[in-house]
Each structure stands twice: as C-alpha cells, then as structure tokens.
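The following paragraphs offer a guided reading of a single protein chain. Please keep the sequence and the three-dimensional view at hand while reading.

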Amino acid sequence: MEVSNKLNRLLFFDQARKISEANYTSDPNDADNLTRWAESLLELSQCQCPQDSLKMIQDAIVKLEQALSINPRKHETLWCLGNAQTSLAFLTKTEDEARPYFKQAAKYFLQAVDEDPTNEVYLKSLEISSKAPKLHREILKHGLDQQIVGVGPSTATSSSSAKDAKKGKKSYNLKYDIVGWIVLAIGIVVWVGFAKSQMPPPPPPSG
C-alpha cells in the first residue's frame, strides 16, 4: 500500500509539472504557476539519482527566481527557495561547499517568516535550518553521505562501517526527518495550490 501511494504521488507531481509547463507557454509571468512548477520539481528530485536530482533542483531555482522577479514578496516562493538551497547543501561532499547553501536557505526561510509571521510551516523550516549544518557535518563524519548523496558503495571495511553506522544512526534518522518533513510540506503546498486551480487532488501525503 505504501509503495503504491508513493507511486501515485510521484505520478501526480509529474502531471503537475507538465501542467505548469503547459500553463507557462500561455502566461510566463504567472508567479503562482512558476512556484508550483518548482515545487513539483523539488518533490520529484527526491526520487532521482544525485546527478538528476541536482539538475531538477537547479531548474526549480531558476523558476523560483523568475517568480520572485515578478513578485519579490511572495512568501511561498521564498520558502521554496529555502528548501531548494537546503537540498543543494545535502548534495555536497564537504562542509565548505554546503555552507553557502545553508546560509542562503536560512535567509530565504527568514524572509518567508517576515512576510507571513504566523505560518507554522515557515517557522518550523527556519528552526530546522539552524540544525542542518551540524547534521550535514555528522553525515560526512560517519560516511553516511555515500548512502544519502553519494554514488557507489562505501569503501570502508565492514567492521568500521558497522561502527560508523551505529554512531551515525541518530544523524541519519534526523536527516530523513528533516528532509521528509520538508518534502511533506512541499506536497501539502502543491496540493493546495493545484486544488485552487481545480485540478483533481493527488493521493494524500503519507506520514
């Protein structure tokens, strides 16, 4: 049942992406449509290999920046840019590479909160963004980046891998708590956005 639900959600967001792409041809200055398009790409990026995920995230950022150029105070767009920057950070292999992405993410989350101070989704995102750099450091330290953002098997020995896995279990689970929460939130926003556009509703987000 869970696999079927995830597949249905994947199909929904792929359909959402195609609809937004079609809508763009008739109205390229629709900030709502651009944001929904980017949100769909961010959701779909979570199911790709690192290279394809990176391409989708970068494509989403282009669309979000275009939406901001149309409406600089659109809080949904600012929040999604924070998510995109966070996703880019977790695709990096070093702390130095990740640092500017985390910094940008926190800036966008704060701007979203400034525009909509009572939004619990934005407040939660801002809160977890402060924990993200430390979490990324732990992931790199315990070699979990091979499982999360890397390509190919780990080269560590079986004994050291077991030791690292035990040490990193908490960080690994927290990472997925954070990313999973962000993806769920994106799903809810996209769902509501397309519901407003009278699109058939997608399968409900799984917990």
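R17 is found in helix α1, which spans residues 2-26, in what is a predicted model. The relative accessibility of R17 is 19%, and R17 therefore counts as buried, the cut-off for that class being under 20%. The side chain of R17 makes a polar contact with the side chain of D14, at 2.8 Å. Helix α1 also holds Q15. With a relative accessibility of 42%, Q15 counts as partly exposed. Although 25 residues separate Q15 from S40 in sequence, their C-alpha atoms are 8.9 Å apart in space.

The wider setting of this helix is as follows. The secondary structure of the protein chain comes to nine helices and zero strands, so that from the N terminus on the elements run α-α-α-α-α-α-α-α-α. The chain has 207 residues, of which 41% count as buried.

Helix α2 covers residues 31-45. Its 15 residues reach 21 Å from the first C-alpha to the last, close to the 21 Å expected at 1.5 Å a residue. At the N-terminal end of α2, D30 acts as a cap: a side-chain oxygen of D30 lies 3.0 Å from the backbone nitrogen of D32. Why is α2 described as largely enclosed by the rest of the structure? The reason is that 14 of its 15 residues are buried.

Helix α4, residues 75-90, can be read in a similar way. It has 16 residues and reaches 23 Å from its first C-alpha to its last, close to the 22 Å expected at 1.5 Å a residue. Helix α4 is mostly covered, with 14 of its 16 residues buried.

The next topic is the packing of nonpolar side chains. In soluble globular proteins, such side chains tend to be buried together. In this model the largest nonpolar core has 24 residues, and those with the most contacts inside it are L42, I57, I61, W79 and L81. The elements that give two or more residues to this core are α2, α3 (50-70), α4 and α5 (95-115). A second core, separate from the largest one, has seven residues, among them A89, F90, F102 and I139.

Aromatic rings come next. The count of aromatic pairs comes to four. One of them joins F90 and F102 in an edge-to-face arrangement, with 5.5 Å centre to centre and 85 degrees between the planes. An angle over 60 degrees is what counts as edge-to-face. Because F90 lies in helix α4 and F102 in helix α5, the pair ties together parts that are 12 residues apart in sequence. F90 and F102 are buried, and both are included in the second core.

Two lysines are placed over aromatic rings. K63 lies over the face of W37, at 4.2 Å from the ring centre. The charged end of K107 sits over the ring of Y108, 4.8 Å from its centre.

Further along the chain, S125 lies in helix α6, residues 120-129. S125 has 0% relative accessibility and so counts as buried. A polar atom of the S125 side chain lies 3.0 Å from the backbone oxygen of V121.

Helix α7 (residues 132-141) contains R137. Is R137 buried or partly exposed? Its relative accessible area is 37%, and R137 is therefore partly exposed. The C-alpha atoms of R137 and A98 are separated by 9.4 Å, while the two residues are 39 residues apart along the chain.

The cysteines close this account. How many disulfides does the count give? The count comes to zero, a disulfide being a pair of cysteine sulfur atoms within 2.5 Å. C49 has a relative accessibility of 35% and so counts as partly exposed. C80, by contrast, counts as buried because its relative accessibility is 0%.

Note on methods
Residues are numbered from 1 along each chain as its sequence is written. This is a predicted model: local features need pLDDT of at least 70, side-chain atom pairs count only at pLDDT 80 or more; totals for chains, interfaces and linings use all residues. Side-chain values use heavy atoms; hydrogens and water are left out. Buried means under 20% relative accessible area, exposed over 50%, partly exposed in between (1.4 Å probe, protein chains only). Helices (H or I, at least four residues) and strands (E, at least two) are DSSP runs, numbered from the N terminus. The expected span of a helix is 1.5 Å times one less than its number of residues. A polar contact is a pair of N or O atoms within 3.5 Å; within protein, one must be able to donate a hydrogen and the other to accept it, and residues adjacent in sequence count only if both atoms are side-chain atoms. A nonpolar core is a set of buried Ala, Val, Leu, Ile, Met, Phe, Trp, Tyr and Cys residues joined through side-chain atoms within 4.5 Å. Rings of Phe, Tyr and Trp (its six-membered ring) pair if their centres lie within 6.5 Å; planes under 30 degrees apart count as stacked, over 60 as edge-to-face and the rest as tilted. A charge sits over a ring if NZ of Lys or CZ of Arg is within 6 Å of the ring centre and within 35 degrees of the ring normal.
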